[in-house]
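Q: I am new to this structure and would like a close look at a single part of it. Please go through that part in one connected answer.

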Amino acid sequence: MAHLRRPRPATHALGRRRALSTPVAAGALVRTLTERLGYNLGNLWTDEDTVEFTVDGARNVEVLTTLRDDPDLEFFMLADAAAVDYGTDAHFEVVYHLFSWKHPAWLRVRARVDRANPRVPTVTGLWEGAMFHEREMFDMMGIIFDGNRDLRRIYMSPDYRSFPQRRDFVLPDDAADSPAAGVNPLERPETWDLTRFNEAPAVTFPPSSERDDAPAEGVEGGETLADKSRPR
Amino acid sequence: MTKIDPETRIPDPIELDRLEEARLRGAAGLVPARATGGEYAGFDQVGIPDRPPQTDREREVYSLEEGEMLVNMGPQHPSTHGVMRLVVKVRGEIVVDVDPVLGYLHRGIEKLCENATYTTVLTYVDPMDYLSTMHNEHAPAIAFEKLYGVEPPKRAEYIRALVVELNRIFSHGLMMGFLALDMGGITPILYAFINRDEIVDLLSSISGQRMLFNFFRVGGVNFDTNDEFLSRLGTWRGNVLKNIEMNERMITDNEIFRARTMNMGTLTGRDAIALGVTGPNLRASGVPFDVRKAHPYSIYNELEFDVITQEAGDSYARYLQRIAEIKQSIHLIDQIIDKMPHGPVQAQVPGIIRPRPGRAYAAIESPRGLYSVYSISDGGPNPYRFRMRDPSFISLQAIPKLMPGRLVADTMAVMASFDPVMGGVDK
């Protein structure tokens, strides 16, 4: 009974599966990378439009200088710099995305940073514009960039003490229980003064007899209809 | 830091104020004011934080020499394009240094997205850069499609490109109005908003929402085009060039506008790259970097267009660049409408997706520059890490470089020429 079966969607509606591990046409880039940076090139990996590798955090300036200044590479633009927290028992990563006219791929450099001692050299000497990236990473993840001359908080207030994007910082509901509890009193319920909420008089409607738009059912026991409809 | 030549130094208002204050105090029989803790500290102490400076740069900005003072522009300043504070160190009317203070609008969108499913992330990113909402959704949609391994149908890609270019047009059109507004020209912003409302109505007729469209889905778009959208699009296309040119005629040759933008805030291409400035601001400095050409995403490799650049790199060039890009976007929209295929607009994707562990990077050209998303999946229903690179956040670093030695009144004019949106800056 083929006609009773649900028709299969057309192939283009289903969506073609992208091949996640197809190497880009970036063989030249991979070759040049292994040639120039062979000794500290780890986990070389490509997908459809990205080539990535890992380096030790302490060598990031050395590696990025080569990538920027080598005439065969010329990754002149820092597209993005972001920090990733891989959990309390793992490590941080500072991830740089670079762009070059010469290669048809984004280059992703993942610099590994120790979590107990999160220090990494600054790249503001290479790209001045890395300043806001590094200030944001310091603010959100608590990574310290040695040599950065303006490493202060950028989003949170200067007296804030936590690092909100770390994995061990839970959302403000239970921030007071987190090991990185902030100093913001809004995040510490034991400091809240709730008396003005408890002592406030209950808001009630006037009796139904005095109201023109009173509903058919009266209001019982000081409860409004809105109160009744609320889940208990 | 710019040193002011003492020969050309204008009378110091601080000294004049001090003399006046001493005269009034003497007349009232009061003791002379002195800077002590808790009392009025005098002009030269206002704005300096009551804690030791944390960095070299902070010490540099917040230590005043004779004749300098700090002025706060913002956070509630009508021309900061949102809630931002610029601490401007001035000597008379001359800017000596600028320190942007951010975070007044910080909502922690990245953290929120890490606690949301992939589908709901596309609603959280909407209010980020609220003038380019479609672009905000485009990059995460591409990144999640890469992670999940699904490709949207061709028609969805074309509809995406269409709405994204429409969004670019109204964003650039607003920039023209805001730039004139920040120099005191009130009329162009009214026409810019009329033009914007036409496009917003157009987009709301296809997406169902007016400002935060929430139109993109993983694997396609929410709705196909409808009759209302198409008829509005035709009307809009008939009038758009006339409207844009009318607004342009009001601004481009205005003598005051030219005097206040030409040779103002000149940024060389080399500096712009070093500072991370991207998008129209970078192209106005002569660097032909456009993500649509450099790393074509969506259907941009099927469309014919050239990267437009300007040579001057000043505020006026950034303004001209916006106009040129509006016309380019109209040209692109014509091509998209001609080539748009029939077919479905949404690949079959479940509501909650669990991509296999991996990483994806997606960059798009937003009206403010390179907007990119770096998303990491650990196999769960929400992203392990969701990172957004907002172009106006990074471009803001150019302001402290450009302003020293200029007049205070030009700070806002130069800032408006970079077209930052604070919703994106503060995330």
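How many residues of chain B are in contact with chain A, and which helices and strands of chain B supply the side that touches chain A?

A: This is a predicted model, in which local features need pLDDT of at least 70 and side-chain atom pairs count only at pLDDT 80 or more, while totals for chains, interfaces and linings use all residues. Residues are numbered from 1 along each chain as its sequence is written, and chains are lettered from A and ligands numbered from 1 in the order in which they are written.

43 residues of chain B are in contact with 39 residues of chain A (contact: C-beta atoms, placed from the backbone, within 7 Å). At least two residues of that side of chain B come from each of helix 2 (56-61), helix 3 (109-114), helix 10 (269-275), strand 6 (358-366), strand 7 (369-377), strand 8 (385-389) and helix 14 (391-395). Helices (H or I, at least four residues) and strands (E, at least two) are DSSP runs, numbered from the N terminus. Strand 7 of chain B gives the most to this side, with four residues. By residue class, the side of chain B that touches chain A has 16 nonpolar, 15 polar and twelve charged residues. Here Ala, Val, Leu, Ile, Met, Phe, Trp, Tyr, Cys and Pro count as nonpolar, Asp, Glu, Lys and Arg as charged, and the others, Gly among them, as polar.

Strands 6, 7 and 8 of chain B also belong to one sheet. The sheet is open, with three strands in the order 6-7-8 and antiparallel pairing (two strands pair if DSSP finds at least two bridges between them). Strand 6 and strand 8 of chain B are at the edges with a single partner strand each, so one side of each has no neighbour in the sheet. From one strand to the next, the twist averages 10° (axes are lines fitted to C-alpha atoms, for helices over the stretch in contact, and angles run from 0 to 180 degrees between N-to-C directions). Strand 7 and strand 8 of chain B, which run antiparallel, are joined by five bridges. B:Ser375 has B:Phe386, in strand 8 of chain B, as its bridge partner. Helix 5 (residues 133-148) of chain B packs on the sheet and touches strand 6 and strand 7 of chain B. The direction of helix 5 makes about 150° with that of strand 6 of chain B.

Technical notes. Contact = placed C-beta atoms within 7 Å.
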